[in-house]
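Biologist: Please take one part of this model and go through it closely, residue by residue where that helps. Once that part is clear, I would like to see how it sits in the chain and in the model as a whole.

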Amino acid sequence: MRKVKWTFWTLVILIVGLFLNYNLPQHDVVRITDTYNRQTPLGTINSYFYASQDAGTAPSSIRDVRFIDAVFPSGKVIVYRNEDTGFWPPYLKFDSSNLQAQANNVKSTTGDPQWVMVTHYGWRITIESIYPNAVKITPVAGPDVTIIPWVNIIILVLMAVGLFMLRRMWLQFWERMVDPAVASAEEAGDRARGFFGRLFGRKG
Amino acid sequence: MIVMLELLVVGFVVLTVIYLLVAVYSRSVRREKLEKEFDADVPLGGGPGSRDAYVEQGMEAYEHGLRRKLLVLVYILPAIALAVIVYFVNFH
């Protein structure tokens with residue numbers, strides 16, 4: 001039983017952790033090298049990792065997806081997709097065309113690098129052609145800027161407060177509703193035992 | 001537009017569940033506080049039924065008070081948060 005409980009909580013923490021890791025915004029300082037769109041028929045697995053088509057366009061199984069190529073200061077490359085999110089994950093991003101134009105504007109070369117911070121969520125999984133979704137591009141001074149993830153801090157604090165309140169509510173419900181009900185049931189049980197005890201001549 | 005409509009409906013349902021939970025919790029906490037207040041002030045329990053009367057009076061005051069009305073923030077704060085997110089993601 002202990003093992004079951006342990007496994008259960010490990011799984012819960014793992015799933016919640018992965019969920020947050022996928023959905024919370026992350027910040028990369030990169031240099032954008034190319035932007036393009038590519039017709040992308042989505043497979044069964046990776047379709048879960050693509051957002052919706054642009055808000056305002058009709059649904060279709062094949063569509064052009066905008067991509068942004070970028071390079072980290074270390075020389076490692078990353079490819080972002082650039083799609084509207086709609087309301088899940090709740091970035092409410094409707095401006096992927098504008099973002100693409102902005103990305104175009106800050107394209108730069110190795111010789112004359114222009115560093116930008118790309119705010120994105122999601123994972124890059126090459127084997128399933130899954131890309132993180134870029135949400136925002138902000139020019140930064142250089143590759144060594146310090147980024148404080150305020151949004152993540154706020155969201156995690158709010159979640160902790162919410163969890164704490166949920167626990168408080170649960171305990172309050174237990175204390176005020178369940179415990180008195182159990183107590184009165186036990187009382188009734190005692191009385192009943194007394195009655196049957198008398199009836200059958202046993203000492204309860 | 002359909003997306004927005006979905007968001008409105010789902011959001012409203014979720015927020016209503018949260019509102020009800022918070023409302024029940026808040027009422028329960030208030031009732032407990034009133035009971036404890038009475039027990040502390042009137043150690044001998046007062047006359048018969050006076051504890052119930054005290055609590056009911058307190059609850060009546062709560063029902064018309066500011067704190068209960070503030071529960072509406074459960075709907076308002078997420079709406080403001082959404083507006084802020086839309087602004088910062090798309091227009092900032």
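Modeller: Strand β2 of chain A, residues 62–71, runs antiparallel to β3(A), and the two are joined over six bridges. Strands pair here when DSSP finds at least two bridges between them, while the elements themselves are DSSP runs numbered from the N terminus, helices being H or I over at least four residues and strands being E over at least two. The model is a predicted one, in which local features need pLDDT of at least 70 and side-chain atom pairs count only at pLDDT 80 or more, whereas totals for chains, interfaces and linings use all residues. Residues are numbered from 1 along each chain as its sequence is written, with chains lettered from A and ligands numbered from 1 in the order in which they are written.

The part I would look at closely is A:N82, which lies in strand β3 of chain A. Its bridge partner is A:R66, so that this residue belongs to the pairing of β2(A) with β3(A) described above. The two strands form a hairpin with five residues between them, and in the turn A:G75 has a positive phi of about 100°.

Is A:N82 buried or exposed? A residue is called buried if 20 or more other C-beta atoms lie within 10 Å of its own, exposed if 12 or fewer do, and partly exposed in between, the C-beta atoms being placed from the backbone. A:N82 counts as buried because it has 27 C-beta neighbours inside 10 Å. If its neighbours within four places in sequence are left aside, A:N82 is in contact with A:R66, A:F67, A:I68, A:S96, A:L99, A:Q100, A:N133 and A:A134, where a contact means that the C-beta atoms, placed from the backbone, lie within 7 Å. One of these, A:F67, stands in β2(A) opposite A:Y36, which leads on to the next pairing.

Strands β1(A) and β2(A) are antiparallel and share 10 bridges. Strand β1 of chain A, residues 26–41, also pairs with β4(A), again in the antiparallel sense and over six bridges; in that pairing A:Q26 stands opposite A:H120 of β4(A). Between A:N82 and A:Q26, which are 56 residues apart along the chain, the C-alpha atoms are separated by 15 Å.

Two residues in the loops also deserve a look. A:L92 sits in the loop between β3 (77–82) and α2 (96–105) of chain A, and its phi, near 50°, is a positive value in a residue other than glycine. A:L92 is buried because 24 other C-beta atoms lie within 10 Å. A:S129, in the loop between β4 (115–121) and β5 of chain A, likewise is not a glycine and has a positive phi of about 50°. A:S129, however, counts as partly exposed because it has 16 C-beta neighbours inside 10 Å.

For the wider setting, chain A has three helices and five strands, which run α-β-β-β-α-β-β-α from the N terminus on. Of its 204 residues, 18% count as buried, and among its contacts between residues at least 6 apart in sequence, 65% join residues at least 24 apart. The C-alpha trace of chain A spans about 100 × 40 × 35 Å along its principal axes. Its radius of gyration is 28 Å, where a compact globule of 204 residues would have one near 17 Å; this radius is taken over C-alpha atoms, and the globule rule is 2.2 Å times the number of residues to the power 0.38.

Chain B, by comparison, has four helices and zero strands, and 1% of its 92 residues count as buried. Where the chains meet, 14 residues of chain A are in contact with 12 residues of chain B. On the side of chain A that touches chain B, β5 (133–139) and α3 (150–200) each supply at least two residues, and the largest share, three residues, comes from α3(A). The residues on that side divide into eight nonpolar, two polar and four charged, with Ala, Val, Leu, Ile, Met, Phe, Trp, Tyr, Cys and Pro taken as nonpolar, Asp, Glu, Lys and Arg as charged, and the others, Gly among them, as polar.

Notes. Two residues are in contact if their C-beta atoms, placed from the backbone, lie within 7 Å.
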